[in-house]
Amino acid sequence: MPFVLELAVSLLIVIGAVFMLVGSLGMVKLPDLMSRLHAPTKATTLGVGGALIASMLYFLGTDGALSIHEVLITFFLFLTAPVTAHLVAKAHLHAQGGAGLPPTGGGCGWSTFESTPETAASESPSSHNKG
Amino acid sequence: MIANALLFGYFAVSVALLFNLWRLFAGPSVMDRVLAVDTMVINVIALIILYGIDRHTSVYFEAALLLAMFGFISTVAFCRFVLRGDIIE
């Protein structure tokens, strides 16, 4: 394996590991769940992406063939991290009953708790709490 | 050089897993614990990939992919259960 490729693989492994460490440190240090949510969903996902690119470069250098598995894992992780964060935040809001939320400033409240007047008029009354 | 980088990677990810374990035990609410388990799954995926580089085989990628899917689906199912009291309505 050429030296430049070896250097790149080592650097990517170290950078990815540091990002994962920072993400988990943020989970310990940050004060409440809404801010704690930022650390794992951003830093940790980026760190795992770095490790996956390092693995791709390593197998490109040793076997000479580009493996597609890592792209699949990276794509899947980067696709699912926002969905997970959204669902955790939503479950947290509903568990608290909307306490601590600022007013929306509009005509109706937060859309996860009550439907807007337009959709409430067009929907049947029994289906207003889907989600 | 790659061996030293892998050693550092093992160390950092293991410390990260310990942090997550602390949050899993200390987390005040249920969603804290769900988030801790989700982060632990992502860290274990990274650990599996580093081990795959170390052993120089590509058989571990299937394990990593399966773990990614399993972690995502379990997190979504648990959030759904907390939100609605049911997973499949």
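**Exercise 1. Two helices of chain A**

Work out how helix α1 (residues 3-29) of chain A and helix α3 (residues 38-63) of chain A sit relative to each other, given that their axes come within 8 Å and cross at roughly 160 degrees.

*Solution.* Keep in mind that this is a predicted model. Start with what we need: two packed helices are described by the angle between their axes and the distance between the axes. Next, take the angle of roughly 160 degrees. Angles over 145 degrees count as roughly antiparallel, and therefore α1(A) and α3(A) are roughly antiparallel to each other. Their crossing is left-handed. Last, sort the contact by class: α1(A) with α3(A) has 17 nonpolar and eight polar residues, and no charged residues.

**Exercise 2. One residue on α1(A)**

Find where A:I15 lies, and decide whether A:I15 is buried, partly exposed or exposed.

*Solution.* First the place: A:I15 belongs to helix α1 of chain A. Then the surface: its relative accessible area is 44%. Buried would need under 20% and exposed over 50%, so A:I15 is partly exposed. Now look across to A:V48. The two residues are 33 apart along the chain, and their C-alpha atoms are separated by 9.8 Å.

**Exercise 3. Chain A as a whole**

Describe the make-up of chain A: which elements does it have, and how much of it is buried?

*Solution.* Count the elements to begin with: there are five helices and zero strands. Reading from the N terminus, the order is α-α-α-α-α. For burial, 35% of the 131 residues of chain A count as buried.

**Exercise 4. A group of rings**

Which residues do ring pairs link into a cluster with A:Y58?

*Solution.* Over all chains, the count comes to five aromatic pairs. One of them joins A:Y58 and A:F59, with 5.4 Å centre to centre and 80 degrees between the planes. Planes over 60 degrees apart count as edge-to-face, and this pair is edge-to-face. Both A:Y58 and A:F59 are buried. Now widen the view: ring pairs link A:Y58, A:F59 and B:F61 into a cluster. There's the answer: A:F59 and B:F61.

**Exercise 5. Over to chain B**

Check the confidence in chain B, then work out how α1(B) and α2(B) are arranged.

*Solution.* Confidence first: chain B averages a pLDDT of 90, and 100% of its residues score at least 70. Within the chain, confidence is highest in helix α1 (residues 2-26), at 93, and lowest in helix α3 (residues 60-84), at a mean of 90.

Now the packing. The axes of α1(B) and helix α2 (residues 30-55) of chain B come within 9 Å and cross at roughly 165 degrees. The same cut-off of 145 degrees applies, so α1(B) and α2(B) are roughly antiparallel to each other. This crossing is left-handed. Their contact has 18 nonpolar, four polar and four charged residues.

**Exercise 6. Two residues of chain B**

Place B:S14 and B:V82 in their helices, and say how exposed each one is.

*Solution.* Take B:S14 to start. You'll find B:S14 in helix α1 of chain B. At 36% relative accessibility, B:S14 counts as partly exposed. From B:S14 to B:D32 there are 18 residues in sequence and 20 Å in space, C-alpha to C-alpha.

Then turn to B:V82, which is in helix α3 of chain B. With 32% relative accessibility, B:V82 is partly exposed. B:V82 and B:V37 are 45 residues apart along the chain, with 15 Å between their C-alpha atoms.

Technical notes
Residues numbered from 1 in each chain as written. Chains lettered and ligands numbered in written order. Predicted model: local features only at pLDDT ≥ 70, side-chain atom pairs only at ≥ 80, totals over all residues. Heavy atoms only, no water. pLDDT = per-residue confidence, 0-100. Helix = DSSP H or I, 4+ residues; strand = E, 2+ residues; numbered from the N terminus. Axes fitted to C-alpha atoms, helices over the stretch in contact; angles between N-to-C directions. Parallel < 35°, antiparallel > 145°, perpendicular 65-115°, else oblique. Left-handed = near helix turned anticlockwise from the far one by under 90°. Nonpolar A, V, L, I, M, F, W, Y, C, P; charged D, E, K, R; others polar. Phe/Tyr/Trp six-rings, centres within 6.5 Å; stacked < 30°, edge-to-face > 60°. Buried < 20%, exposed > 50% of the residue type's maximum accessible area, 1.4 Å probe, protein only.
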